[in-house]
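Colleague: I have the sequence and the model open side by side. Could you pick one part, take me through it closely, and then tell me what else to look at along the chain?

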Amino acid sequence: MPVFPRQPLLKVLPHALLACTSLATMAFPTAAGATAMATVNRNGSLVSVEPYAPNIVRVTIAVDRAQADAPPGDGPNAKADSAGWTHRTDADGDVFASSALTLTVKAQPWPKAPSQMERYFAPSLPPVALRITDAAGKPLTEMTGWEMAPHTVNGEKTFRVGASFSVAPGEHYYGLGQNQEGILDLKGRTIDCRHNYDAPAGETVCVPFMVTNKGYGIVWDNPSVTTVSPGLNNATHWQSEVGERVSFFVITGATTDELYAGYARLTGQTPLPPKAAFGLIQSKARYETQKELLDIADGYRSRQLPLDVMVLDWFHWSRMGQLDIDRTYFPDPKGMNDKLHAMGLRSIISVWPRFEKESRYFNMLASKGWFLKDKDGNVVDGLPIRSDRAGALIDTTNPDARSWFWDRIRDNIASEGFDWFWLDETEPDLVPDGNFFSIGSGDRYHNIFPLLHTTGVAEGSARDRPKMRNLILSRAAYLGVQRNGALFWSSDIKSTWEAYRRQIPTGLGFTATGMAYWGSDIGGWQWPNGPKAEKTVLLDPAGATAMAPSYADYPELFTRWFAYSVFTPTLRIHGQRPGAALWEYGTAAEPVLASFLKLRYALMPYIYSLGRHTYESGAPFMRALFMDFPNDPNVANMGDEYMFGPAFLVAPVTEQGQTSRTVYLPAGADWYDYWTNQRHTGGQSVTVPTPIDRIPLFVRAGSIVPMGVQVPSTATRQALESIRVYPGADASFAIYDDDGVTNAYKAGRNGTTATLRWDDATGRLRTVGKLPTGQDATALVQVIGAR
C-alpha cells in the first residue's frame, strides 16, 4: 500500500515573509524519525550513514545537525534497517560494512591555513570523500566532493546542492526517468532532470534513480530540478536547485536485477496490473459520443479482433473541473459501461486536475487554499504559453485536497461504472516554478506532484474498492510512483518516423529506472502530419481514414509502430486523428495489424507471467540489452534492440520503406529467428528481411514460451495452445495465472504457478506444480528446430 508522504524538510513561511527571512531563522524538523547508524564529523561537515538493507545505504551530508539527521524526502518509503552492519574507525576513516558492501567515510586532516591563492579558490565547505566497495573489496564508486552554494529561489534563501562521483573505465549509465533524445546511454551527456512537457524532443520525466553497469545505482533524494552529468569529463556530477543538504542512497548488486530489487525494497513494490492492462487498450482523442465509443467496441467484436479496454479521453465533461460526464453526448454512462462489461471489456476515463473558474467546485477549492498559488497567494489560472489559458491546478500535495479529489472521482465517475482512471497532466502541466504548493515552493518540489497525485487515487481506490485491482494511467512519474499501480506513456508525441524511432531508447531508459510499465501512443498523438515518403510505400493507403490522403505512408508507420508495441508492457492505440481503430488504416493494413494483435494475445500467458515476476522481483521485463548481457561491450549503448522477458530479442523497424534490417545477436547465447526457426550463434550481426508483416524477432536458445489460444479478451479464460521450447541450454519458466481482477494475488490466493523446466541434455520438459489451465504439459510441448 502507498505510504503517506513524510513532511517536507523545510516548511515555507507565509509568502510575504519569504524575501526577508534568512535560512538560519527557519525551523527544521526534529531528528525523531532519523535512525542513522552514525553521524560523523569531518571538520564541520556532518555525514550521516543510514543503512536500509545489506546492499542499500543512505548518505546525508550537511553543516546543520537537524538537516543531517532528518529523514528522507518523499519517494522512499522503507524503514531504515542496520541489521548485519558494523561500524569501526581506523586510519582510513569511518568504515561501515555489511555482507554486501563497505562504505568508508574517508578521514580528513585538520585543514591548514589557506595560502594567498587558496584564499580566492578554496572551497567554503569542509571536504567530504566516500569510498564504496562490494563485499569482496572491489571498488564501485567514490564520492569525491560535495557542494552547497547559497542563492535565492522563489523568495527562499536556500542553496544549490550537489555531489561528484568518480568514473570507472568502461562505465555506462542508464535511467533517470524519461528522456526522448534518442540515446540510451547517459554517459557524457547532461540531463536536465525535471518534468517538462515542452522539452524539444518530447516530454521529459524526472525519476532521479540511475543505474550503472558497474554494480551500483544511485537514488538522489531531492525533488527540485536536478542536473546530472554522468561520466562527463571523467566525473559524474549531481546538482539540485533547492536544498540544504546532500542526500542520496547507494544500491549495490552483482546483477542489474539486484539493483531493481533494492529499488523496490526502498520505494515500494510494483503491483501486478489487472490482466486487461496487458491486452489492447483502444483510445482516441476523442470519442465524442457514447454511440461512437460503443460502435468501436462493437467493431472489434464483429471483426473478431481481441480487445480489452475502451478509453474515454478528455472533454467528456460539461466543463473542466465539473468532474462529471456530459449527458448530452453520454446520456447513460452507467448503461454504456454495463454494455462494455457484458462484452468482456473494461473502461478507463480521463480525469484532469484542472478547474475552470466557472466550474462548480472552483470557489470552494479556492476558499480552502487547495489550488497552486502564486507568490502573492493568488490562484494560478492557466498557462501564459501554448494558448493554454484556462484552469487552476488542484494542489494534491495537500492531503485533504488529495482525499477530496478521490471522493469526487468515486462519487461522480466510478459510480457510473468506470473501472480505472487516467490521471493526465501529472507533471503537472501548470508549471510550479515560481509558485507554491501547500508543502512549499514549487521550485523546491518541482518533481513531486505525480507521486502525491497518484497516491491519493491509489489509496482511495484501495480503501473504497478493496477487492478491485487498481490501475492508473499517468503522464509523469517520480521515485516510488510504481507502488501506486501506475502505467506510464511517453506523452503527446508527434506522428512521424523520427518520433517513433526515439520511442525505443526512450522506453528502455524509462524501464531502466525501475518503472516497468511504459508504452507510447501508437501512431503518435499529434495530428498525422509528416514529410513526404522518400521510398516506396509498403502499404497501399486505400481505404484509410486515420489521416489526410497526403500522408500516404502513415499506415506503414502505424503498422511498424503497432508491431513494436506488441512487445512493450502496454499496448495502447491513441491519437488526435479522424480514426484510430485497427480497421481505419486501410484495407491493406488491417489484416497485418490483426495478425500482430493476435500474436500479442497468443503470448498473453507468457506476458502475464512476466508481470507476476516483476511484482515479485522489482525487475522490468522490457529490458535494455545491457541488463542481460553485461559481458558484451557491443550492447552497452544499444537502444534500438531489447529483450522482452527472458526469451525474445526485439529489433523494431523504424525506417520508412525498409525491407531488411541488420540485427546484432548478443554474445553468450544462440538465437532462433522466430519466423523461420533458423538458429544463429550469438556475438554476430545478421541481416533479415523485414516485409511489412514481420518485425525482426529472435528467441534465445534455452527458452520456454507458453502460447495461448485466441480469446476475445482477457476476461475469457485462456487455455494453452502450446508450450514452445527453444533448445540449446537448460531452461526454466514460471507460468502464472489468476483471476486477473482482484487483489487476492497479494495474499497468495486465487493464483496458480507452475515451474516448467527443460533439461537440454535429455530433451525433456518437466513441470513442478499443475499448470494454471489444468492441462497436461507434456501434450503441449513443441521443441523448435533440430537439436
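Modeller: A bit of vocabulary before we start: a helix here is a DSSP run of H or I at least four residues long, a strand is a run of E at least two long, and both are numbered from the N terminus. Also keep in mind that this is a predicted model. With those terms, the stretch 723–765 comes out as 0% helix and 49% strand, and the C-alpha atoms at its two ends are 10 Å apart. UniProt lists those residues as "domain: DUF5110", in an unreviewed entry.

The part I'd zoom in on is R475. You'll find R475 in the loop that runs between β25 (472–474) and β26 (486–489). Is R475 buried or exposed? Its relative accessible area is 3%, and anything under 20% counts as buried, so R475 is buried.

Now for its partners. The R475 side chain makes a polar contact with the side chain of E427 at 2.5 Å, and another polar contact, at 3.5 Å, links the side chains of R475 and D492. Leaving out residues up to four places away in sequence, R475 also touches several others, among them Y197, E203, V205, L423, D424 and W489. The list includes E425, T426 and D429 as well.

E427 is worth a second look, since the peptide bond from E427 to P428 is cis, with omega near 5°. P428 sits in the loop between β22 (420–423) and β23 (436–437). Another cis peptide bond joins A285 and R286, where omega is about 10°. For R286, look in the loop between β17 (280–282) and α5 (290–302).

While you're checking backbone geometry, try a couple of asparagines. N234 isn't a glycine, but its phi is positive, at about 60°. The loop between β14 (226–232) and β15 (235–243) is where N234 lies. N234 has 60% relative accessibility, so it counts as exposed. N677 also has a positive phi, near 70°, without being a glycine. Its loop lies between β33 (670–673) and β34 (679–681), and at 33% relative accessibility N677 counts as partly exposed.

For a helix pair, go to α11 (residues 554–565) and α12 (residues 589–602). Their axes come within 10 Å and cross at roughly 5°, which means that the two helices are roughly parallel to each other. On the α11 side the contact uses P555, F558, T559, F562, A563 and S565, and these meet A589, V592, L593, F596, L597 and R600 in α12. By type, that contact breaks down into nine nonpolar residues, two polar and one charged.

One last stop is G202, in the loop between β11 (191–193) and β12 (205–212). G202 counts as buried because its relative accessibility is 15%, under the 20% limit. From the C-alpha of G202 to that of L771 is 44 Å, with those positions 569 residues apart along the chain.

Definitions and conventions. Residues are numbered from 1 along each chain as its sequence is written. This is a predicted model: local features need pLDDT of at least 70, side-chain atom pairs count only at pLDDT 80 or more; totals for chains, interfaces and linings use all residues. Side-chain values use heavy atoms; hydrogens and water are left out. Axes are lines fitted to C-alpha atoms, for helices over the stretch in contact, and angles run from 0 to 180 degrees between N-to-C directions. Angles under 35 degrees count as roughly parallel, over 145 as roughly antiparallel, 65 to 115 as roughly perpendicular and the rest as oblique. Contact means heavy atoms within 4.5 Å. Ala, Val, Leu, Ile, Met, Phe, Trp, Tyr, Cys and Pro count as nonpolar, Asp, Glu, Lys and Arg as charged, and the others, Gly among them, as polar. UniProt positions are given in the numbering used here, feature names are shortened, and annotations may be inferred rather than shown by experiment. Buried means under 20% relative accessible area, exposed over 50%, partly exposed in between (1.4 Å probe, protein chains only). A polar contact is a pair of N or O atoms within 3.5 Å; within protein, one must be able to donate a hydrogen and the other to accept it, and residues adjacent in sequence count only if both atoms are side-chain atoms.
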